Amino acid sequence: MVKGSLLTPRAALVLLLGVLAGVGAGVLSALAGVDSPRCVLCGGAVFGAAVSFFDRLVADSDA
């Protein structure tokens, strides 16, 4: 049985915001008429950038 959580709340929030940003970018590019592989690439790129951005934006509790 796992005693502690697998992710900290901060890490879960950063990843959730990254996923939401990536999915949003993919959906918006699909609505713009871009083909599916490019939508996936766009969403993945935005996910990576958003995780980096929100990692810096959300304050660490140790600071």
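This section describes the fold, the surface and the side-chain pairings of a predicted model of a protein chain.

Because the model is predicted, local features are reported where pLDDT is at least 70 and side-chain atom pairs at pLDDT 80 or more, whereas totals for chains, interfaces and linings use all residues. Residues are numbered from 1 along each chain as its sequence is written, and side-chain values use heavy atoms, with hydrogens and water left out.

The secondary structure of the protein chain consists of two helices and zero strands; helices (H or I, at least four residues) and strands (E, at least two) are DSSP runs, numbered from the N terminus. Helix 1 covers residues 9-31 and helix 2 covers residues 36-57. The C-alpha trace spans about 45 × 30 × 15 Å along its principal axes. The radius of gyration of the protein chain is 15 Å, against a value near 11 Å for a compact globule of 63 residues; the radius is taken over C-alpha atoms, and the globule rule is 2.2 Å times the number of residues to the power 0.38. Contact is defined as heavy atoms within 4.5 Å. Of the contacts between residues at least 6 apart in sequence, 70% join residues at least 24 apart.

Two C-alpha distances illustrate the layout of the chain. A11, in helix 1, lies 13 Å from A50, and these two residues are 39 apart in sequence. G33, in the loop between helix 1 and helix 2, is 41 Å from S5, at a sequence separation of 28 residues.

Burial was assessed by relative accessible area, with buried meaning under 20%, exposed over 50% and partly exposed in between (1.4 Å probe, protein chains only). Buried residues account for 16% of the 63 residues in the protein chain. The loop residue G33 is exposed, at 63%, while A11 is partly exposed, at 24%. The accessible surface of the protein chain amounts to about 4800 Å², and 71% of this area belongs to carbon and sulfur atoms; areas come from the Shrake-Rupley method with a 1.4 Å probe, and for residues only the protein chains shown count as cover.

A nonpolar patch on the surface is formed by L6, L7, L15, V19, V23, V27, L28, L31 and F47, which together have about 900 Å² of accessible area. Patches are made of residues with over 30% relative accessible area and no salt bridge, like charges being joined within 9 Å and nonpolar side chains (Val, Leu, Ile, Met, Phe, Trp, Tyr) within 5 Å. Helix 1 makes the largest contribution to the nonpolar patch, with six residues. One of the patch members, L31, belongs to helix 1 and is exposed, with a relative accessible area of 70%.

Two salt bridges were found in a search of the whole structure, a salt bridge being a side-chain nitrogen of Lys or Arg within 4 Å of a carboxyl oxygen of Asp or Glu. In one, the side chains of R10 and D55 meet at an N to O distance of 2.9 Å. R10 lies in helix 1 and D55 in helix 2, so this pair ties together parts that are 45 residues apart in sequence. Both partners are partly exposed, R10 at 25% relative accessibility and D55 at 38%. In the other salt bridge, R38 pairs with D35, with 3.7 Å between the closest N and O atoms. Here R38 is exposed, at 58%, and D35 is partly exposed, at 42%.

The search of the whole structure yielded zero disulfides, a disulfide being a pair of cysteine sulfur atoms within 2.5 Å. The sulfur of C39 has its closest cysteine sulfur in C42, at 7.2 Å, which is too far for a bond. C42 is likewise in no disulfide, and its nearest cysteine sulfur is that of C39. C39 is buried, with 9% relative accessibility, whereas C42 is partly exposed, with 29%. Both cysteines are in contact with S29, which also touches V34, when neighbours of S29 within four places in sequence are left aside. S29 is located in helix 1 and is buried, with a relative accessible area of 12%.
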